[in-house]
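Trainee: I'd like to learn how to read a model like this one feature at a time. Could you walk me through it?

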Amino acid sequence: MGLSRCYSLMKCLLIIFNIIFLLVGVGACVFSGWALWDGRGSETSAGRAGLCALVAWAAVLTLGALAALAGAIRGSASLLAGAFALLALSALAEGGAAWWGAAHSAHLTQMLRDRLRHTLTHDYGVLPARTQMLDAIQHGLQCCGAESTRDWQHAAWGGGLERDRSGETIDLSVRAPAAYYWVPRSCCSTADPEECESARRVVTASGGGAGLHGVPCGARVLDALSTAARAPLAAAGALLAAHAAALLLALALCLRAHPDTRYTKKQTLRWTKSTHETNPHFIPISADKESYLFRYKA
């Protein structure tokens with residue numbers, strides 16, 4: 001009775017774990033497919049590669065969860081063995097991704113800073129989605145520019161790229177008129193429209209002034225991402241722990257589901273008379289004075 005209850009508990013736990021895996025895998029597949037179809041998340045080769053890797057991991061996790069559910073319900077050793085292999089592969093991918101991210105955290109941080117600067121310089125005012133995203137960052141985090149307000153001096157939105165390509169030099173003579181560059185309204189720290197319009201016109205030699213956010217966005221974006229990533233990282237750690245538990249349960253149930261190879265449908269055994277009484281799966285075929293001849297009934 002105790003072993004039967006333990007077996008039932010292991011089966012229920014395996015089913016619960018794999019329902020969670022199935023939901024996670026299907027959700028990741030849907031999200032990755034939508035991102036690839038939408039195109040905004042796969043504009044670069046790195047983005048496409050990341051989304052394709054996510055699709056592959058989600059597909060393996062989904063197939064492993066389906067195989068584990070079917071194997072647990074039917075008590076099939078082959079399905080449980082296949083589920084163990086697929087879940088082990090997905091767990092290995094999760095562990096490898098976590099190790100790679102921890103080993104290259106400094107490089108990823110610098111890539112994020114470079115991407116923010118590239119978006120500001122080349123995409124703002126050109127791509128509506130990037131423009132709205134950068135405005136939301138500057139307004140929400142109360143910052144301006146990637147590394148400083150001077151980043152807007154070279155932005156395509158204000159004509160900075162054209163000046164850089166033309167090789168135009170700045171006249172620093174006393175009689176030269178003052179040179180200016182413009183920053184977006186999202187850089188304004190004041191709610192007064194007139195003050196904001198006046199503050200947006202920044203002298204070239206200046207890094208901003210009153211009425212503008214004086215903090216660069218690079219550091220604040222990294223701080224916001226590190227804070228927001230705590231919950232997803234905790235969920236990923238819990239998922240990896242659930243993977244380890246599910247692998248142990250799948251292996252145990254797989255070994256439990258294997259029939260005893262000593263008894264098959266075609267094998268006959270000569271046991272004592274108490275065999276049929278203690279195990280009704282053995283039916284008598286013939287009898288003599290001391291023992292019965294039994295056949296295993298599957």
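**Reading the charges, then the cores**

Mentor: Let's begin with a charged pair: the side chains of R117 and D114 meet in a salt bridge, 3.1 Å from N to O. Keep in mind throughout that this is a predicted model.

Trainee: What is the general idea behind such a pair?

Mentor: Side chains of opposite charge can pair when their charged atoms come close. In this case R117 and D114 are separated by about one helical turn, because they sit three residues apart in helix α4.

Trainee: Are R117 and D114 buried or partly exposed?

Mentor: R117 is partly exposed, with a relative accessible area of 29%. D114 is partly exposed as well, at 35%.

Trainee: How many salt bridges does a search of the whole structure find?

Mentor: Six. Another one to look at is R113 with E147, where the closest N and O atoms are 3.2 Å apart.

Trainee: Which parts of the chain does the pair of R113 and E147 tie together?

Mentor: R113 lies in helix α4, residues 105-123, while E147 is in the loop between α5 and α6, so the pair ties together parts that are 34 residues apart in sequence. As for cover, R113 is partly exposed at 22% relative accessible area, and E147 counts as partly exposed at 34%.

Trainee: And is R130 with its partner D123 buried or exposed?

Mentor: Buried, on both sides of the pair: R130 has 13% relative accessibility, and D123 has a relative accessible area of 10%. Their side chains meet in a salt bridge of 2.8 Å, N to O. Looking beyond single pairs, salt bridges that share partners join R113, D114, R117 and E147 into one network.

Trainee: How do I read a charged residue that has no salt bridge, such as D151?

Mentor: Check its cover, then look for the nearest opposite charge. D151 is buried yet has no salt bridge, and the nearest side chain of opposite charge, R117, is 5.0 Å away. The cut-off for a salt bridge is 4 Å between a side-chain nitrogen and a carboxyl oxygen.

Trainee: Where is D151 found, and what is it in contact with?

Mentor: D151 is in the loop between α5 (128-141) and α6 (160-166). Setting aside neighbours within four places in sequence, D151 is in contact with L120, G145 and A146.

Trainee: Let's turn to the nonpolar side. How many residues does the largest nonpolar core have?

Mentor: The largest core has 23 residues, and L14, F21, W57, L80, L87 and L253 have the most contacts inside it. To see how a core is put together, ask which elements supply it. Here α1 (2-38), α2 (45-74), α3 (77-103) and α9 (230-257) each supply at least two residues. The largest share, nine residues, comes from α9.

Trainee: Is there a second core, separate from that one, and what does it include?

Mentor: A second, separate core has 20 residues, including L120, I137, C144 and C187. L120 is also one of the residues that D151 touches.

Trainee: Back in the largest core, which residues does L87 touch?

Mentor: Not counting residues up to four places away in sequence, L87 touches N18, F21, L61, G64, A65, H243, A246 and L247.

Trainee: You just named A246. Is A246 buried or exposed?

Mentor: A246, which is found in helix α9, is buried, with a relative accessible area of 0%. Beyond its neighbours within four places in sequence, A246 is in contact with L14, F17, F21 and L87. You can also compare separation in sequence with distance in space: A246 and A83 are 163 residues apart along the chain, and their C-alpha atoms are separated by 9.7 Å.

Trainee: Which residues make a nonpolar patch on the surface?

Mentor: L9, L13, I16, I20 and V24 make a nonpolar surface patch of about 400 Å². Take I20, which has its place in helix α1 and counts as partly exposed at 43% relative accessibility.

Trainee: And what should I note for the chain as a whole?

Mentor: Its secondary structure comes to ten helices and five strands. Buried residues make up 30% of the 298 residues. Among contacts between residues at least 6 apart in sequence, 61% join residues at least 24 apart. Finally, the chain exposes about 18200 Å², with carbon and sulfur atoms supplying 64% of it.

How values were computed. Residues are numbered from 1 along each chain as its sequence is written. This is a predicted model: local features need pLDDT of at least 70, side-chain atom pairs count only at pLDDT 80 or more; totals for chains, interfaces and linings use all residues. Side-chain values use heavy atoms; hydrogens and water are left out. A nonpolar core is a set of buried Ala, Val, Leu, Ile, Met, Phe, Trp, Tyr and Cys residues joined through side-chain atoms within 4.5 Å. Buried means under 20% relative accessible area, exposed over 50%, partly exposed in between (1.4 Å probe, protein chains only). Helices (H or I, at least four residues) and strands (E, at least two) are DSSP runs, numbered from the N terminus. Contact means heavy atoms within 4.5 Å. Lys and Arg count as positive and Asp and Glu as negative; His and the chain ends are not counted. Patches are made of residues with over 30% relative accessible area and no salt bridge: like charges are joined within 9 Å, nonpolar side chains (Val, Leu, Ile, Met, Phe, Trp, Tyr) within 5 Å. Accessible areas come from the Shrake-Rupley method with a 1.4 Å probe; for residues, only the protein chains shown count as cover.
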